[in-house]
Amino acid sequence: MNISRKEFLRKIQELEFAVIELNLFLDTHPSHQQALADYNRLTQELMNAKAMYERQYGPLTNFGYAPSQYPWQWALTPWPWEDDYDCKEDMPCGYMKKS
Amino acid sequence: MWIYEKKLEYPVKVSSCNPTLASLIIEQFGGADGELAAALRYLTQVWTMPIPQAKAILTDIGTEELAHWEMIGTMVYQLVKDLPESKIAGTPFAAHYANHGKSPFPHNAAGAPFTATYFNSKGDPIANIYENMAAEQKARATYEHLIRLSDDPGVTDALRFLREREIVHFQRFGETARLLQEYMDSKRYY
Ligand SMILES: [Fe+2]
């Protein structure tokens with residue numbers, strides 16, 4: 001994967017946005033076959049992208065949704081409101097800086 | 001059960017320190033038509049909804065509103081986090097700082113603390129869904145006010161995204177209102 005963490009995250013946000021939109025539409029149109037097919041296709045794409053992202057940069061979700069490398073990455077990787085989260089283009093910033 | 005995702009729904013990038021703008025957009029963090037009120041309103045109404053589509057849409061829009069609340073909190077924080085303490089006095093953010101420091105806190109732009117009286121759950125599906133449609137329009141109007149007040153391009157971009165979400169939510173609640181009306185009518189007459 002030759003894109004930066006920031007670009008990768010952006011791609012996940014785009015895919016997830018499409019899936020959220022389709023999800024809300026399907027809530028009120030549960031028998032809409034085209035929307036359902038789109039939802040299933042994009043969900044698969046999103047799941048693959050997230051799994052690949054998490055292997056490189058640490059977990060996006062906790063509570064058993066993604067395994068962690070040593071040490072416990074969930075606590076040690078940056079949070080979305082922190083400067084480190086939106087890091088320099090090519091810096092792999094899935095790991096906490098040594099203090 | 002809820003799962004947290006360690007990312008924002010939409011990327012937020014503020015351009016510079018701006019305590020005035022922080023004190024304005026906090027309206028959507030803890031105001032009457034803000035994201036916290038929206039999330040709690042919808043998530044509180046799910047128990048008494050009679051049809052599956054309504055339970056689903058309230059759960060899912062309520063959950064999305066929590067992600068919007070996180071975006072607003074992130075913007076409020078980023079607008080003040082690098083601001084030197086000495087520069088806070090005399091800004092509209094000073095009154096907030098006196099109590100909360102640089103932490104976001106749910107109150108509105110005029111300082112009134114968040115209250116559950118901002119929303120209701122009537123145990124009546126039609127009354128609930130029309131409250132929700134009105135709430136989405138009021139949130140849209142608030143975002144338009146904030147977009148006019150914003151002088152930070154990054155904040156304006158995120159506010160535009162959030163405004164558009166209110167329009168989509170209004171649309172989905174309108175469809176839910178029709179489904180609920182059909183359900184009530186079928187129960188009454190057949
Ligand atoms: Fe909304």
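This passage walks through a predicted model, from one of its chains to the contact between chains and then to a metal site and salt bridges. Residues are numbered from 1 along each chain as its sequence is written, while chains are lettered from A and ligands numbered from 1 in the order in which they are written. Because the model is predicted, local features need pLDDT of at least 70 and side-chain atom pairs count only at pLDDT 80 or more, whereas totals for chains, interfaces and linings use all residues; side-chain values use heavy atoms, with hydrogens and water left out.

Chain A is a convenient starting point. Its secondary structure comes to 3 helices and 0 strands, in the pattern α-α-α along the sequence; helices (H or I, at least four residues) and strands (E, at least two) are DSSP runs, numbered from the N terminus. Of its 99 residues, 38% count as buried, where buried means under 20% relative accessible area, exposed over 50% and partly exposed in between (1.4 Å probe, protein chains only). Among the contacts in chain A with a separation of 6 or more, 51% join residues 24 or more positions apart, a contact being heavy atoms within 4.5 Å.

The two chains meet through 31 residues of chain B and 33 residues of chain A. The area buried between them is about 2600 Å², with carbon and sulfur atoms giving 58%; buried area is the accessible area (1.4 Å probe) that two parts lose on being put together, summed over both. B:Tyr4, B:Lys6 and B:Lys7 supply 29% of the area that chain B buries against chain A, more than any other three residues. On the other side, A:Gln13 sits in helix α1 (residues 5-28) of chain A and touches B:Lys7, B:Leu8, B:Glu9, B:Tyr10 and B:Pro11, not counting residues up to four places away in sequence. With a relative accessibility of 7%, A:Gln13 counts as buried.

Charged pairs also join the chains, with 3 salt bridges counted between chain B and chain A. A salt bridge is a side-chain nitrogen of Lys or Arg within 4 Å of a carboxyl oxygen of Asp or Glu. A network of salt bridges links A:Glu16, A:Lys50, B:Glu5 and B:Lys7. B:Arg165 pairs with A:Glu21, their closest N and O atoms being 3.0 Å apart. B:Arg165 also forms a salt bridge with B:Glu64, at 2.6 Å between the closest N and O atoms. B:Arg165 lies in helix α7 of chain B and B:Glu64 in helix α4, so this pair ties together parts that are 101 residues apart in sequence. Both partners are buried, B:Arg165 with a relative accessible area of 2% and B:Glu64 with 5%.

Chain B also supplies the donors of an iron ion, namely B:Glu65 (OE), B:Glu136 (OE), B:Glu136 (OE), B:Glu166 (OE) and B:His169 (ND1), at 2.1 to 2.7 Å. Donors are N, O and S atoms within 2.8 Å of the metal (3.2 Å for Na, K and Ca); water is not among the atoms, so sites may look incomplete. The donor residues follow the spacing E-x70-E-x29-E-x2-H. Two of them, B:Glu136 in helix α6 (residues 125-149) and B:His169 in helix α7, link parts of chain B 33 residues apart, and both are buried.

Helices α6 and α7 of chain B are also linked by a salt bridge between B:Glu144 and B:Arg163, 19 residues apart, with closest N and O atoms 2.7 Å apart. Here B:Glu144 is buried at 18%, whereas B:Arg163 is partly exposed at 25%.
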